[in-house]
Amino acid sequence: MDFEKFVKKVKDGAQAYLGDGVSLSVSTVLKNNGVNLTGIIFMDGDSDVASTIYLDGLYEEYKRGKTMGEIVRQVCTVYEENKPEQNLNMDFFHDYKMVKPRLACRLINCEKNQELLGGHPHREFLDLAIVYCCILMSDNMGCACVLISDMHARYWDVDEETLYRDALENMPRILPDELSDMDDFMHDIVRKAVEEKLELTAEGEKTQEDEECRAILDGIAEFLAGLPLEKEPERKMYILTNKQHFYGAAAILYPGILESYAGKLGHDFYILPSSVHEVILLADTGVEDREHLYDMVREVNAQNVPEEELLSDNVYYFSLKSGKITIL
């Protein structure tokens, strides 16, 4: 079955399952780095907020043998478990004074996003571009936001400089930065993955057996997360993002943030672009080789980072003396 027929069957199956109370439509959306994704838009009759579930990844699962019934059930379950619980009153979006407190920045790759940048206010930053968005919701489920277009800016009669200034002022408040030791970060990722695999719940009443299982998981995660770093004990890495882990690479733009971390680390440092959602800070202790860092970033990007989340293949350097970021 080709992708077009697959999308139609999933839509028809989901519509039959959910009934007439939910309106479904298909849309192709231009995402980051020129990636086009096809999704089903779910609009509940009692809500003014639409949810979108993208089908490109599910199509790959279908080609690997997952049945159509399983995919339809998965799509409907994801929708029902994550549909917005409240309506959004978008009247505020007509008034820039109301939008201003919600503005934030994103960092994206400049070269890979020429089509998107053509219709959105932005400024170049090294090999990257800063674009702007309005945060609608920010909770434990993540962020919902609207990317600011040239049309929005013209309607509000604001220029790019104003958007940049206001967004930078907001971001430490609405998307606070988060710095994690790589050891702790990897431990949490591995533990969560193992826990989900064993279908343990992190919330609710805990039995003695649950506690014993979690203790075992912690030990496994700590061991697995520590393996790569034990071979290079002099290489201390930190993950910089925001509390939502949503386009958190833009945290490097926060006023004074890198100067603060350089003081804590006691060194200037390299900035490795892990993805649009986070960067890695690596203290410059004089042992790193430029080509090795570039090879490491490019290898990770090629093997582990989805195309739409890739930030850059370059390595950056922050000097406390100059207070600037440069391409290494």
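This passage describes the overall make-up of a predicted protein model, and then the packing of its helices and strands.

The secondary structure of the protein consists of 11 helices and 13 strands. Of the 328 residues in the protein, 43% are buried. Among the contacts in the protein with a separation of 6 or more, 62% are accounted for by residues 24 or more positions apart.

One sheet is built from three strands, which form an open arrangement in the order E1-E2-E3 with antiparallel pairing. Strand E1 (22-30) and strand E3 (50-54) stand at the edges and have a single partner strand each, so that one side of each is left without a neighbour in the sheet. From one strand to the next, the twist averages 30°. Five bridges hold the antiparallel pairing of strand E2 (residues 36-44) with E3, and within E3 the bridge partner of Ile 41 is Thr 52. Two helices pack on this sheet: H1 touches E1 and E2, and the direction of H1 makes about 150° with that of E1, while H3 touches E1, E2 and E3, and the direction of H3 makes about 145° with that of E3.

These two helices also meet each other, for the axes of helix H1 (residues 3-18) and helix H3 (residues 68-82) come within 9 Å and cross at roughly 60°. An angle counts as roughly parallel under 35 degrees and as roughly perpendicular from 65 to 115 degrees, and H1 and H3 are therefore oblique to each other. The crossing in which H1 passes H3 is right-handed. On the side of H1, the contact is made by Phe 6, Lys 9, Val 10, Gly 13, Ala 14, Tyr 17 and Leu 18, and on the side of H3 by Met 68, Ile 71, Val 72, Val 75, Cys 76, Tyr 79 and Glu 80. Divided by class, this contact of H1 with H3 has 11 nonpolar residues, one polar residue and two charged residues.

Helix H3 has a further contact, with helix H2 (residues 56-63), in which the two helices pack at an angle of about 155° and their axes lie 10 Å apart. Because angles over 145 degrees count as roughly antiparallel, H2 and H3 are described as roughly antiparallel to each other. The crossing of H2 and H3 is right-handed. In this contact, Leu 58, Glu 61 and Tyr 62 of H2 meet Met 68, Ile 71, Gln 74 and Val 75 of H3, and the residues involved divide into five nonpolar, one polar and one charged.

Attention now turns to strand E12. In a regular strand, the side chains alternate between the two faces of the sheet. Both faces of strand E12 (residues 316-319) are covered, since Tyr 316 and Phe 318 on one side and Tyr 317 and Ser 319 on the other are all buried. Strand E10 (residues 269-275) and E12 run antiparallel and are joined by three bridges, with Phe 269 standing opposite Phe 318 in E12. E12 is also joined to strand E13 (residues 324-327), in this case by four bridges and again in the antiparallel sense, and the bridge partner of Tyr 316 in E13 is Ile 327. E12 and E13 form a hairpin with four residues between them, and in the turn Gly 323 has a positive phi of about 70°.

Note on methods. Residues numbered from 1 in each chain as written. Predicted model: local features only at pLDDT ≥ 70, side-chain atom pairs only at ≥ 80, totals over all residues. Heavy atoms only, no water. Axes fitted to C-alpha atoms, helices over the stretch in contact; angles between N-to-C directions. Left-handed = near helix turned anticlockwise from the far one by under 90°. Contact = heavy atoms within 4.5 Å. Nonpolar A, V, L, I, M, F, W, Y, C, P; charged D, E, K, R; others polar. Pairing = 2+ DSSP bridges. Buried < 20%, exposed > 50% of the residue type's maximum accessible area, 1.4 Å probe, protein only.
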